[in-house]
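Reader: Hi! I'm in my first year and still learning to read protein models. Could you take me through one part of this one closely, namely the sheet, and show me how it sits in its chain?

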Amino acid sequence: MGNFPTTVKHCLSYEELIQDYPWLARWLQEEKRALTHEYPEYVKIVEVGPRDGLQNEKEMVPTGVKIQLIDMLSETGLPVIEATSFVSSKWVPQMADHTEVLQAIHRSSHVRYPVLTPNMHGFQDAVAAGATEVAVFGSASETFSRKNINCSIDESILRFEEVICTAKQRQIPVRGYVSCALGCPYEGPIESTKVAEVVKRLYELGCYEVSLGDTIGVGTPGSMAKMLHSVKKEVPSSALAVHCHDTYGQALANILTALQMGICTVDSSVAGLGGCPYAQGASGNVSTEDVLYMLHGMGIKTGVDLSKVIEAGDFICKALNRKTNSKVAQARGDYSVHCRMKKINT
Amino acid sequence: MGQKVQVGASAGKALPQRVKIVEVGPRDGLQNEKTLVPTEVKIHLIDMLSEAGLPVIEATSFVSPEWVPQMADQVEVMKGINRRPGVSYPVLTPNLKGFQAAVKAGAAEVAIFGAASELFSKKNINCSVDESLQRFEEVTKAAKEAGVRVRGYVSCVLGCPYEGQVSPDKVAQVAKRLYSMGCYEISLGDTIGVGTPGGMAELLEAVSREVPVDALAVHCHDTYGQALANILIALQMGISVVDSSVAGLGGCPYAQGASGNVATEDVVYMLHGLGIQTGVDLPKLMDAGAFICRSLNRKTSSKVAQATCKL
C-alpha cells in the first residue's frame with residue numbers, strides 16, 4: 001500500500017482522497033478492485049462425471065472404464081468425486097455395477113467418494129459396499145418429484161429422513177441435492193421461496209451441504225441471484241453448492257454470480273459428461289475443465305491440476321467414442337497454441 | 001479504507017437497463033468460416049437479422065479480396081441488403097482505399113481494427129501498432145469530412161496468440177488514441193477467448209480511465225467457454241454494448257476446431273433473463289441462425305439453439 005498513513009486513510013473518504021491526491025488513484029487501484037467484487041479464495045469442486053455424467057450417457061460404460069476414470073480423477077487433486085449410485089439397476093442400468101466400482105477404485109486419502117442413495121435399501125447396500133459418504137436427491141418441484149421418483153416432495157423427504165438418521169448414527173456424512181432450483185421441465189419457473197423451504201428441510205435433517213441444481217440449465221444470473229438470496233436466508237452459504245447445467249450456455253455466468261454471493265462449492269462434470277434428458281441433443285452438466293479455467297484465471301485456488309483433468313476427459317471421451325463438451329479441452333487440442341497460451345491462465 | 005462491500009448482480013450493483021447488441025455474424029462470423037457463402041445467402045441472412053430487431057449489423061468488409069475472398073462481394077452485398085430504418089450497417093475499412101470504396105457503395109458507418117499487441121499487428125496487417133493508427137487517422141479524417149461514423153476495434157485485449165499476456169495499460173493507450181481520432185465507440189476484443197472475469201475487470205478499469213465507459217463495447221470469444229461470464233462482469237462494470245455472432249459463426253483461426261465468437265442467441269438469452277432490454281426477438285434470431293447453418297451445412301454453436309426444451 002506504500003507510505004500512505006493508515007490513520008489518514010480512515011479519516012477520508014475514497015472520493016475525497018482522490019480529489020486531493022490524484023496520484024493516489026493508481027496506488028489505491030488494488031484496494032478499489034477488492035471493493036468491487038469479493039470472491040472466495042478457495043472453491044471446492046465436486047466432480048460428478050462418473051455418476052451424474054455417465055448416468056446420462058446413452059452408451060453403457062464397462063466397469064473397468066468407470067474405475068479407470070475415477071482413478072485418473074483421483075490423481076488430479078479433485079477433493080470430491082461422486083463415484084456411483086445405489087439405485088435399482090432396473091431404473092438405472094448404467095449404475096448396476098455400483099458395488100464392483102466402489103470396491104475396485106483406488107481410494108486416495110485426499111479424496112471423498114460420495115454415492116447416491118435414494119432410500120434405506122440403497123443406503124444399506126452402499127454401506128455394505130464400503131461407502132463413507134452418501135447423497136440424497138430432493139426436488140423443488142412437485143411434478144418433477146412425482147415423475148422422477150414417483151412420490152411427492154414431502155414423501156421423498158420422509159424417505160431421506162430415514163437415511164439421514166441412520167447415516168448420522170454411523171457417522172456417515174450426507175450431502176443433499178435439490179433439483180429444479182431454477183426451473184422445472186414440467187412446471188416452468190419455480191418460486192425461490194419453495195427452493196429455500198426444501199433446502200432448509202434437508203439441512204435441518206442433517207445434510208452437511210445442499211447442492212442447488214439448475215436441472216434443465218434455464219437459469220440466468222438474475223434468477224440465480226434471486227434464488228440464492230432466498231436460500232441464504234435459511235441456510236449458511238458455507239453449506240451451499242451450485243450444480244449448474246450448461247444447456248442454454250449460462251452455467252459459467254451463473255457460477256460467477258454464485259461466487260459473488262459467497263458460494264464456494266461448485267459441482268461439475270469432466271468433459272461435460274451427461275446430456276440433458278429433457279432437451280434432445282442439448283448439453284447438460286457444465287465441464288469441470290471450463291470451470292477450473294475460469295476459477296484459476298481469477299486467482300481462485302481449487303487444488304486441481306487442469307491438465308490432468310483434461311487427460312481424464314480425453315480418456316473417457318475416447319472410451320465413449322464422443323467429443324468432449326469442454327471448450328477448454330477443445331481449444332487445447334491445438335498443441336502449438338496451447339504452448340503459447342500456457343503463459344496465460346494455466 | 002472502509003468496508004469490503006460485496007457487489008454483484010443481486011446486491012444492488014446496477015446493470016444497464018438496455019444493452020445494444022452489435023451483430024458481427026455476417027462479417028466477422030462469415031469471414032472465419034471455411035465455406036464460401038453465396039452473395040444471396042449473405043444478403044438474406046442480413047435481412048433476417050434486420051427483421052430480428054438487431055440495432056447494428058456488421059454487413060461486410062472492404063478489404064482486398066486477395067486477402068479475404070469471403071468478402072469479395074462487398075459492393076453487391078451493400079447494395080443488395082434491405083436496409084431497415086433505425087438499423088446501422090457498419091463495414092470494415094482497413095485503409096483509405098477501402099473507406100472510399102465503402103462510401104461509394106453506400107456505407108454510412110465504417111469500422112477500423114487496431115491491436116494491442118505489436119506482434120499480432122505485424123502478423124495480421126503487416127505493420128506496427130503505431131503505423132496502423134496512422135493509417136486509421138487518414139480514414140477517420142476522411143470519415144469526419146464525409147459525415148460517416150467510425151467504430152474502433154482493439155484486438156488481443158486479454159491475450160495474444162504470439163505475445164501471450166497483454167498489458168491493460170497498452171490496451172487503454174490504443175483505445176484512447178482511437179477514441180481521440182474520432183471513433184464514437186471502441187470495441188475491446190478478446191481475440192483468442194483466453195480472458196476470464198478477473199482479467200476482464202482489470203482491463204475495463206484501465207480502459208475506462210481513458211475512454212468513457214459509454215463509448216466502450218466488449219467483443220468476447222468463447223474459445224475457452226468464458227464469454228458469457230466475461231460479458232456479465234463487463235455489464236456489472238457499466239458496459240452496455242456487446243458484440244456477438246448469430247449461431248456463434250466464426251471459429252478461432254488460432255486454435256483448430258475451437259469455437260470463436262460468442263453466439264448472439266446465448267447472449268440475448270442471458271440479457272433477457274436479467275431483465276435487460278435488447279429489442280431483439282429471440283425466436284426470429286434463432287430462425288436466422290438456423291438458416292445460415294443450413295446454408296453452411298454446419299451445426300450451430302449456440303447452446304440456446306441446440307436446446308429444444310421449452311420452458
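Author: Happy to; here is a walk through the sheet, followed by a look at the chain around it. Please keep in mind that this is a predicted model.

Chain B contains 12 helices and nine strands. The nine strands come together in an open sheet, and their pairing is parallel. If you step across the sheet, you meet the strands of chain B in the order S2-S1-S9-S8-S7-S6-S5-S4-S3. At the edges are strand S2 (56-57) and strand S3 (60-61) of chain B, each of which pairs on one side only.

What holds neighbouring strands together? Strands of a sheet pair through backbone hydrogen bonds, either parallel or antiparallel. For a worked example, look at strand S7 (residues 185-190) and strand S8 (residues 216-220) of chain B, which run parallel and are joined by five bridges. You can find one such partnership yourself: B:Ser187 has B:Ala217, in S8(B), as its bridge partner.

Now zoom out to the whole chain. The C-alpha atoms of chain B fill a box of roughly 60 × 50 × 40 Å along the principal axes. Chain B has a radius of gyration of 18 Å, which agrees with the value near 19 Å for a compact globule because that is what 311 residues would give. Of those 311 residues in chain B, 60% count as buried. Contacts tell you about the fold too: among those in chain B with a separation of 6 or more, 76% link residues 24 or more positions apart.

Conventions:
Residues numbered from 1 in each chain as written. Chains lettered and ligands numbered in written order. Predicted model: local features only at pLDDT ≥ 70, side-chain atom pairs only at ≥ 80, totals over all residues. Heavy atoms only, no water. Helix = DSSP H or I, 4+ residues; strand = E, 2+ residues; numbered from the N terminus. Rg over C-alpha atoms; globule rule 2.2 N^0.38 Å. Buried < 20%, exposed > 50% of the residue type's maximum accessible area, 1.4 Å probe, protein only. Contact = heavy atoms within 4.5 Å. Pairing = 2+ DSSP bridges.
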